[in-house]
Amino acid sequence: MQNKCPFCLGEVSEESGWLKCKSCGSFKILWHLRQQIEDGELFLENRHLVSCWLRNHKLEKSRAAPNFRSSEDVQVIISQCPTLPRERVASLFRCLVTATPELGRSAKVPMADLIAASYSKSEIECNYLLNWLKKDEYLDNYGPSDGKIACLVAPKGIDAFYSQSFGHRLTVFVSSTCFDLLDLRFELAAFLESKGHNVKLSDDPERFAVDPTDDSIETCLRNLEASDVVVCIIDRRYGGLLTSGNRDGKSATHLEVLHARSLAPPKPVFYFMRERAWHDYGLLRDNPEASVRWVEPKNPDSRSRWVTFVNDISALPEHSRSNWVTFFKASTDLKGLVSKQLFDFFNPRIAANSG
Ligand SMILES: [Zn+2]
């Protein structure tokens, strides 16, 4: 019996019950889970999709490779893979733009990376999608060069990428209280989806308050782990308290932020706070008894938990120098601010060149 990767059939290394594949990505999968996949107990019709996904994440170093502990973890990855040709071509195009050294010079990328970026089953499929980009004038030209494929991105393509109308696909986890921010959350989610991103909304403890289960928050944390980035929105409420085990007395948002930071490497978290809440925080930080009108005005216990939460995150070592939080007035300006942060973070080279 050879040890093979269940996704790309490449060679794997074994380490105390975990398997690692070095050819499609440095993910880890539990031995018995691989066995289940091979025995056909776990239905995995799209194994090449997972292989492509892992390879793309390996190439984009800002993203962390996942650990597969259960079949659900595998299904979460499958659900994030683009399936429609338009989505796949966007993923391919993102790869080409990020590999472009400057306008007018070709990106030189190995065929295997282009196949992974376009989630293609073969070179034929990949070439077909490259041809689509060329016909739509996003690419000026492409062809073999020194064992790689040289692709010349057209000005129209760069333009579409900068204006975020083409080529982006991140999975964004939105962490916030739900009851008071219902409209804002859905408005932000719809906006980010219109930009081509996947959006996961954090779970709502108020929704399962009648019968709180560990499962709901667990699923939520798994979704967070499988996301590229967490957007944490802080407003006037602390949120309903979780009651089980070591989560006792924390809100879902608080727990999600702590969990994002506890991962290795930590998941990037962007914080956005409403200006009115920041104003109250200034008063409460100096005097916990201060009378405020926006942050938990009627609930001293929640108010003090809210202040502790904001104190905790503002005291994080990485927040000591830079502006760690972005302020917004309303959902209308929040959308643009979130969008810009995501773009600058995941395309630092492009953002620097455009400045
Ligand atoms: Zn593999």
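Here are a few worked exercises on a predicted model.

**Exercise 1. Get your bearings: how many helices and strands are there, and what share of the residues counts as buried?**

Start with the elements: the protein has 14 helices and 12 strands. Next, burial: 37% of the 355 residues count as buried. Finally, look at the contacts with a separation of 6 or more: 64% of them are between residues 24 or more positions apart.

**Exercise 2. Work out how helices α2 and α3 are oriented to each other, and which residues meet.**

Step one is to pick the two things to look at. Two packed helices are described by the angle between their axes and the distance between the axes.

Step two, get those values. The axes of α2 (residues 47-59) and α3 (residues 71-80) come within 9 Å and cross at roughly 80°.

Step three, classify. An angle of 65 to 115 degrees counts as roughly perpendicular, and α2 and α3 are therefore roughly perpendicular to each other.

Step four, find the residues. From α2 come L49, V50 and W53, and they meet V74, I77, I78 and Q80 of α3. Sorted by type, the residues of this contact are six nonpolar, one polar and no charged.

**Exercise 3. Describe the hairpin of β1 and β2, and say which residue in it takes a positive phi.**

First, the pairing: β1 (residues 12-15) and β2 (residues 18-21) are antiparallel, with four bridges. To find one bridge in your viewer, go to E14, whose partner in β2 is L19. Now the turn: two residues lie between the strands, and S16 has a positive phi near 35°.

**Exercise 4. Put the strands of the five-stranded sheet in order, then place two helices on it.**

Begin with the order, which is β9-β8-β10-β11-β12 in an open sheet with parallel pairing. The edges are β9 (198-201) and β12 (325-328), each of which pairs on one side only. On average, neighbouring strands are turned by 25° against each other, direction ignored.

Zoom in on one pair: β10 (residues 229-234) and β11 (residues 269-274) run parallel and share five bridges. V231 has F270 in β11 as its bridge partner.

Then add the helices. Helix α8 (residues 182-194) lies across β8 (171-175) and β9, at about 160° to β9. Helix α10 (residues 252-262) lies across β8, β10 and β11, at about 145° to β10.

**Exercise 5. Which strands stand at the edges of the three-stranded sheet, and what is left without a neighbour there?**

The order is β5-β7-β6, in an open sheet with antiparallel pairing. β5 (107-109) and β6 (139-145) are at the edges with a single partner strand each, so one side of each has no neighbour in the sheet. Neighbouring strands here are turned by 20° on average, direction ignored. As for bridges, β6 and β7 (residues 148-153) are joined by six, and P144 is partnered by I149 in β7.

**Exercise 6. Check the length of helix α4, then find what its buried residues pack against.**

Locate α4 first: residues 85-99, lying across β5 and β7 at about 120° to β5.

Now the length check. With 15 residues at 1.5 Å a residue, α4 should span 21 Å, and its end C-alpha atoms are 21 Å apart, so the two agree.

Last, burial. The buried residues of α4 include V89, L92, F93 and L96, and also R88 and R94. Its buried residues pack against β5, α5 (111-117), α6 (123-135), β7 and α7 (155-162).

Note on methods:
Residues numbered from 1 in each chain as written. Predicted model: local features only at pLDDT ≥ 70, side-chain atom pairs only at ≥ 80, totals over all residues. Axes fitted to C-alpha atoms, helices over the stretch in contact; angles between N-to-C directions. Parallel < 35°, antiparallel > 145°, perpendicular 65-115°, else oblique. Contact = placed C-beta atoms within 7 Å. Nonpolar A, V, L, I, M, F, W, Y, C, P; charged D, E, K, R; others polar. Pairing = 2+ DSSP bridges. Expected span 1.5 Å × (residues − 1). Buried ≥ 20, exposed ≤ 12 C-beta atoms within 10 Å, placed from the backbone.
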